[in-house]
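Q: Please take a close look at one part of this structure. I would like to follow a single sheet and what lies around it.

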Amino acid sequence: MRGFLLDHVTVTRGDAHLLTEITADIPAGQCTAVVGASGAGKTTLLRLLNRLDDPSAGQVLLDDVPLPELDVLALRRRVGLVAQRPVLLTDDVATDLRVGRPELSDEAVDQLLKHVGLPAGFAQRRTSELSGGEAQRVCLARALAVEPEVLLLDEPTSALDGVTSAVIIDAARDHLAADGTVVLVSHDLAIVRGIAHTVLVLDHGHLTAEGRPDEIDYLEAG
Ligand SMILES: Nc1ncnc2c1ncn2[C@@H]1O[C@H](COP(=O)(O)OP(=O)(O)OP(=O)(O)O)[C@@H](O)[C@H]1O
């Protein structure tokens, strides 16, 4: 099957069970939303998909290939992550956008910035001087720069200004429209209902429900 398969995935850290025996499909070309209370294991699951972490037991496959069999840098070009807390890697915005794609032209940099709602001239800004929302949008633009197959979006709507949240959800929709895959971690259940094809519900590291949004009781609460 195309997409990810989590096959009996367990993640432990010391005595803590962050994820327990998760088996689930994350189909290509769809939006899979991961929901659940704070601390349920959503970020932990997302970080397995581009090998920022590896499972303690079980395995993750992409297009039927176990992730450790893929070159990790090649994997991260295919699977881009926009983390909950933006991490900027270099001193200025243009350099940051070129981290995964050094040959990116000035025009392409400006185009990417425009796409995430940042004005012309932003390319020269110091990364240390950005607001949280601006930093998040630069991280999104950097992820999009490498044209990944899969976008991993971690909680893009919490603690962000409304513009940034809308930009990130628009980018998710654009990515889906271009046949890309989106994995979205979100507390915003209205957004999840509107965009997700499949929902995974985590509770204390266990997968407690899986299905279309209209099949998921957890979403009714929101
Ligand atoms: N390295 C670690 N060692 C021990 N516990 C950890 C470690 N990393 C995360 N945890 C714990 O694992 C649990 C799951 O964390 P995770 O970040 O995946 O949750 P989450 O569902 O994304 O939460 P939130 O919605 O608040 O972002 C939390 O209780 C967290 O404190």
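Which residue stands opposite G211 in strand 10?

A: V199 stands opposite G211. Start from that pair and work outward. This is a predicted model. The chain has a mean pLDDT of 93. Of its residues, 96% reach 70 or more. The model's scores are ipTM 0.95 and pTM 0.94.

Now the strands. Strand 9 covers residues 198-203. Five bridges join strand 9 to strand 10. The two run antiparallel.

Next, the sheet. Six strands form an open sheet, with mixed pairing. Their order is 6-7-8-3-9-10. Strand 6 (79-82) and strand 10 (206-211) are the edge strands. Each edge strand pairs on one side only. On average, neighbouring strands of this sheet are turned by 15° against each other, direction ignored.

Go to the strand 6 end of the order. Helix 5, residues 132-145, lies across strand 6 and strand 7 (150-154). Helix 5 runs at about 175° to strand 6.

Last, the ligand. The residues around the ligand include R13, G36, K42, T43 and E155. Helix 1 (42-49) and strand 2 (16-27) each supply at least two residues of this shell. Helix 1 gives the most, with three residues. By type, the shell divides into six polar, three charged and three nonpolar residues.

Methods: Residues numbered from 1 in each chain as written. Predicted model: local features only at pLDDT ≥ 70, side-chain atom pairs only at ≥ 80, totals over all residues. Near = placed C-beta within 6 Å. Helix = DSSP H or I, 4+ residues; strand = E, 2+ residues; numbered from the N terminus. Nonpolar A, V, L, I, M, F, W, Y, C, P; charged D, E, K, R; others polar. pLDDT = per-residue confidence, 0-100. Pairing = 2+ DSSP bridges. Axes fitted to C-alpha atoms, helices over the stretch in contact; angles between N-to-C directions. Contact = placed C-beta atoms within 7 Å.
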